[in-house]
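Reader: Could you take me through this one at a working pace, and say what the terms mean as you use them?

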Amino acid sequence: MAAEQTTGQTRAGVVDKAFRVRVAIVWLVLLALFVAFFLSFGLDLPFIVDKFPALAGFTLSRAGFIQGAVLTLYVCFFSIIASVVLGLLAALGRLSKSSIAYGLSTFYTSFFRGTPLLVQIFLIYLGIPQIGPVPAAIPSGIIALSLNYGAYLSEIFRAGLLSVPAGQREAGLALGLHPWQLMVKVVMPQAIRVAIPPTGSQFIAMLKDSSLISVMGVTELMFVAQSYGRSSYRYIEMLTTAAAIYWFLSILFELVQVRLESHFGKGYRAR
């Protein structure tokens, strides 16, 4: 019996390896076609090589601050942290029996999911100074991305929390766990597993939507690409390079997402 099980596992491993090899071949073929397609544009490769360090953020801006892809990651890093906190609070508010908490969370998610992100950026950047404080462009971008994606994450987190069977909550209470202990030790670990895939997709979307803050003059990746394209009339070179950098960063995000899914899904695969 054990020998048959071992043989079955070996065959499954061989089939899985062959499948991954075929997928890799498909990717390589499509990538080659993609490269050939873009090279058919007659791109000025020396110009791309010359401007790539600035787009990637390997050099500082004229003001001596980070720019390009590094600034994009900087904005996304703080936006991700803030949006997760906002999303979790809004999700708990949606599940709360308090009318005030429920009303605040539903109004928040309705407004920020129902209006364009670009409008929200302008409302924060141009609207807040009308009542007093004058936020800088980068904090305004972080606030706008955080509020917008926090609203979307709230629904993802709410779905994850509701996916945990009620019986597990009842069992935890029967064991004498405090409601917060129950949330942290029983509900959250299971909800995270369900929430990771859509949350990862939202973070990848945020990475691309961060290009909208270029309208405020933030020297992130898209702003730098447009600036060089405008000054040299080499738009296609700069936009193609920016697209390649965005794609590379998205792949890195996807790899992190896969690792998190693998980590939180260990117990379920073992079954």
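Author: Before we look at single residues, let me fix the accessibility classes: buried means under 20% relative accessible area, exposed over 50%, and partly exposed in between, with a 1.4 Å probe and protein chains only. This is a predicted model, in which local features need pLDDT of at least 70 and side-chain atom pairs count only at pLDDT 80 or more, while totals for chains, interfaces and linings use all residues. Residues are numbered from 1 along each chain as its sequence is written, and side-chain values use heavy atoms, with hydrogens and water left out.

Reader: OK, so where does Ala 159 sit, and is it buried or exposed?

Author: Ala 159 belongs to helix α6, where helices (H or I, at least four residues) and strands (E, at least two) are DSSP runs numbered from the N terminus. With a relative accessible area of 43%, Ala 159 is partly exposed. Its C-alpha atom is separated by 8.2 Å from that of Val 194, which is 35 residues away along the chain.

Reader: How do α6 and α8 pack?

Author: The angle between α6 and α8 is about 145°, and their axes are 8 Å apart; axes here are lines fitted to C-alpha atoms, for helices over the stretch in contact, and angles run from 0 to 180 degrees between N-to-C directions. The residues of this contact divide into 17 nonpolar, three polar and one charged, counting Ala, Val, Leu, Ile, Met, Phe, Trp, Tyr, Cys and Pro as nonpolar, Asp, Glu, Lys and Arg as charged, and the others, Gly among them, as polar.

Reader: Switching to α5, which of its residues are buried?

Author: In α5, which runs over residues 117-127, the buried ones are Leu 117, Gln 120, Ile 121 and Ile 124. They lie on the same side of α5 because they cover an arc of only 105° around the axis, the arc being that of the directions from the helix axis to the C-beta atoms.

Reader: Why would that spacing put residues on one side?

Author: An α-helix has 3.6 residues a turn, so residues three or four places apart point the same way.

Reader: And what do they pack against?

Author: The buried residues of α5 pack against α4 (99-114), α6 (137-162) and α8 (179-209), contact meaning heavy atoms within 4.5 Å.

Reader: Which residues does Val 215 touch, leaving aside its neighbours in sequence?

Author: Setting aside neighbours within four places in sequence, Val 215 is in contact with Leu 118, Ile 121 and Phe 122. Val 215 is in the loop between α8 and α9 (221-232), and it is partly exposed, at a relative accessible area of 42%.

Reader: What about the phi of Tyr 233?

Author: Tyr 233 has a positive phi of about 60° although it is not a glycine. Most residues other than glycine have a negative phi. Tyr 233 is placed in the loop between α9 and α10 (235-264), and at 72% relative accessibility it counts as exposed.

Reader: Last topic, which residues does UniProt annotate as "transmembrane region"?

Author: The unreviewed UniProt entry gives that annotation to residues 21-43, 63-92, 104-128, 134-153 and 235-256; UniProt positions follow the numbering used here, feature names are shortened, and annotations may be inferred rather than shown by experiment. In the model, residues 21-43 are 83% helix and 0% strand, with the end C-alpha atoms 32 Å apart. The unreviewed entry also lists residues 69-257 as "domain: ABC transmembrane type-1", a span that is 82% helix and 0% strand, with its end C-alpha atoms 20 Å apart.
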